[in-house]
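Q: I would like to learn how to read the features of a structural model with some care. Could you take me through them one at a time, giving the general idea before the case at hand?

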There are 2 protein chains.
Amino acid sequence: MLLLNLDHVAIAVADLDEAIERYRSRYRVEPIYREIVEQQGVEEAMIPVGGSYLQLLQPLGPETPVGRFLARHGEGLHHLAYAVPDIEAALAHLAAEGAELIDSEPRIGGRGARIAFVHPRGSNGVLTELVELA
Amino acid sequence: MLLLNLDHVAIAVADLDEAIERYRSRYRVEPIYREIVEQQGVEEAMIPVGGSYLQLLQPLGPETPVGRFLARHGEGLHHLAYAVPDIEAALAHLAAEGAELIDSEPRIGGRGARIAFVHPRGSNGVLTELVELA
């Protein structure tokens with residue numbers, strides 16, 4: 001099987017501290033870590049919920065992908081990420097099935113994971129990430 | 001703890017059959033059932049991924065909440081749903097924490113579950129559903 005799990009659901013937020021506090025008080029959940037991922041222009045916090053994570057994403061500036069998303073759409077659901085066992089095999093399969101890859105080769109994301117994004121165009125409007133955990 | 005699990009991530013789609021076929025061919029996942037939920041104006045398909053579901057939602061017409069979402073935003077991520085053990089207790093807690101409830105009382109959703117929605121306003125732009133499974 002290609003998908004091991006729903007690794008995370010990402011939410012773009014304007015203020016990471018405020019969003020963490022909201023999730024803490026409303027839902028009694030806590031991030032297990034937060035991390036600046038310079039290459040993606042975000043600070044992220046990962047909150048475990050069941051076997052998946054909520055990933056809260058605050059842009060490092062307005063001229064980042066998440067910064068532009070916030071300017072256009074406001075805060076909200078940003079992308080879905082699936083854990084896969086073999087990211088190169090998954091990318092080759094998706095390309096063969098006609099998916100529009102943003103990253104044709106994996107790069108390093110948060111948690112040191114190998115990641116790649118699939119464009120929302122032709123994917124029911126859903127920006128999709130593949131994650132091969134270290 | 002208030003949250004048992006990330007029950008599902010919902011995606012608004014224009015054509016449910018086409019979306020199911022896309023997920024089948026790209027990700028090798030299959031719905032375990034589909035259901036028309038008249039009260040919510042949708043036909044939905046539930047696709048297990050790890051311990052959660054993708055929920056594909058096709059509106060039954062343009063004058064439904066998901067129909068209006070499609071007209072405004074196009075296809076894409078629609079809402080997040082958390083499984084809770086006691087939906088009345090969860091709603092009381094959220095109201096006390098200042099969340100704006102769409103449903104102050106549970107109603108019956110897909111799978112015969114008791115559900116309630118929380119407005120995206122004041123919730124980082126995320127339409128949020130609580131689900132107490134039967």
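The dialogue below turns to cavities, the nonpolar core, salt bridges, strand residues and backbone angles in this predicted model.

Q: How many cavities of 30 Å³ or more are there?

A: Rolling a probe the size of a water molecule over the atoms shows where empty space is left. In this predicted model, the count comes to three cavities of 30 Å³ or more, and the largest cavity holds about 70 Å³ of space.

Q: Which residues line the largest cavity, and how do they divide into nonpolar, polar and charged?

A: The lining is made up of His8(A), Gln40(A), Glu44(A), Gln55(A), Gly109(A), Gly110(A), Arg111(A), Ala113(A), Ile115(A), Glu129(A) and Val131(A). Sorted by character, that lining comprises three nonpolar, five polar and three charged residues.

Q: Which residues have the most contacts inside the largest nonpolar core?

A: A nonpolar core is read as a set of buried nonpolar residues joined through their side-chain atoms. The largest one here has 60 residues, and those with the most contacts inside it are Tyr27(A), Leu56(A) and Leu80(A), together with Tyr27(B), Leu56(B) and Leu80(B).

Q: With which residues is Leu80(A) in contact, leaving aside its neighbours within four places in sequence?

A: With those neighbours set aside, Leu80(A) is in contact with Leu6(A), His8(A), Val9(A), Val126(A), Leu127(A), Thr128(A) and Glu129(A) in chain A, and with Val9(B), Ile11(B), Leu54(B) and Leu77(B) in chain B.

Q: Val9(B) appears in that list; where is Val9(B) found, and is it buried or exposed?

A: Val9(B) is found in strand E1 of chain B, which covers residues 5–12, and Val9(B) counts as buried because its relative accessibility is 0%. Beyond its neighbours within four places in sequence, Val9(B) is in contact with Leu6(A), Val9(A) and Leu80(A) from chain A, and with Tyr53(B), Leu54(B), Gln55(B), Leu77(B), His79(B) and Leu80(B) from chain B. Val9(B) and Leu56(B) are 47 residues apart along the chain, while their C-alpha atoms are separated by 8.6 Å.

Q: What can be said of Asn5(B), which lies in strand E1 of chain B?

A: Asn5(B) is buried, with a relative accessible area of 19%, a value to be read against the cut-off for buried, which is under 20%. Leaving aside its neighbours within four places in sequence, Asn5(B) is in contact with Val49(A), Gly50(A) and Gly51(A) as well as Gly51(B), Ser52(B), Ala81(B), Tyr82(B) and Ala83(B). Asn5(B) and Glu44(B), by comparison, are 39 residues apart in sequence and 20 Å apart from C-alpha to C-alpha.

Q: How many salt bridges does the structure hold, and which parts of the chain does the pair Arg121(A) and Glu100(A) link?

A: Over all chains the structure holds 22 salt bridges. In one of them, the side chains of Arg121(A) and Glu100(A) meet at 2.5 Å, N to O. This pair links distant parts of the chain, 21 residues apart, with Arg121(A) in the loop between strands E7 and E8 of chain A and Glu100(A) in the loop between helix H3 and strand E6 of chain A. Arg121(A) counts as exposed at 52% relative accessibility, whereas Glu100(A) counts as partly exposed at 32%.

Q: How far apart in helix H1 of chain B are Arg22(B) and Glu18(B)?

A: Because Arg22(B) and Glu18(B) are four residues apart in helix H1, about one helical turn separates them. They form a salt bridge whose closest N and O atoms are 3.5 Å apart. Arg22(B) is buried, with a relative accessible area of 19%, and Glu18(B) is partly exposed, at 39%.

Q: What does the salt bridge between Arg114(B) and Glu88(B) tie together?

A: The closest N and O atoms of Arg114(B) and Glu88(B) are 2.3 Å apart. Arg114(B) lies in strand E7 of chain B and Glu88(B) in helix H3 of chain B, so their pairing ties together parts that are 26 residues apart in sequence. Arg114(B) is partly exposed at 27% relative accessibility, and Glu88(B) is partly exposed at 38%.

Q: Which residues have a positive phi without being glycine?

A: Among them is Arg28(A), with phi near 60 degrees, found in the loop between helix H1 and strand E2 of chain A. Another is Asn124(B), with phi near 55 degrees, found in the loop between E7 and strand E8 of chain B; Asn124(B) is buried, with a relative accessible area of 2%.

Methods
Residues are numbered from 1 along each chain as its sequence is written. Chains are lettered from A and ligands numbered from 1 in the order in which they are written. This is a predicted model: local features need pLDDT of at least 70, side-chain atom pairs count only at pLDDT 80 or more; totals for chains, interfaces and linings use all residues. Side-chain values use heavy atoms; hydrogens and water are left out. On a 1 Å grid over the protein atoms alone, a cavity is a set of points where a 1.4 Å probe fits but cannot get out, and a pocket is an open set with protein on both sides within 12 Å along at least five of seven lines; lining residues have an atom within 4 Å of a point. Grid points are joined across faces, edges and corners, and a volume is the space filled by probe spheres set on the points. Ala, Val, Leu, Ile, Met, Phe, Trp, Tyr, Cys and Pro count as nonpolar, Asp, Glu, Lys and Arg as charged, and the others, Gly among them, as polar. A nonpolar core is a set of buried Ala, Val, Leu, Ile, Met, Phe, Trp, Tyr and Cys residues joined through side-chain atoms within 4.5 Å. Buried means under 20% relative accessible area, exposed over 50%, partly exposed in between (1.4 Å probe, protein chains only). Contact means heavy atoms within 4.5 Å. A salt bridge is a side-chain nitrogen of Lys or Arg within 4 Å of a carboxyl oxygen of Asp or Glu. Helices (H or I, at least four residues) and strands (E, at least two) are DSSP runs, numbered from the N terminus.
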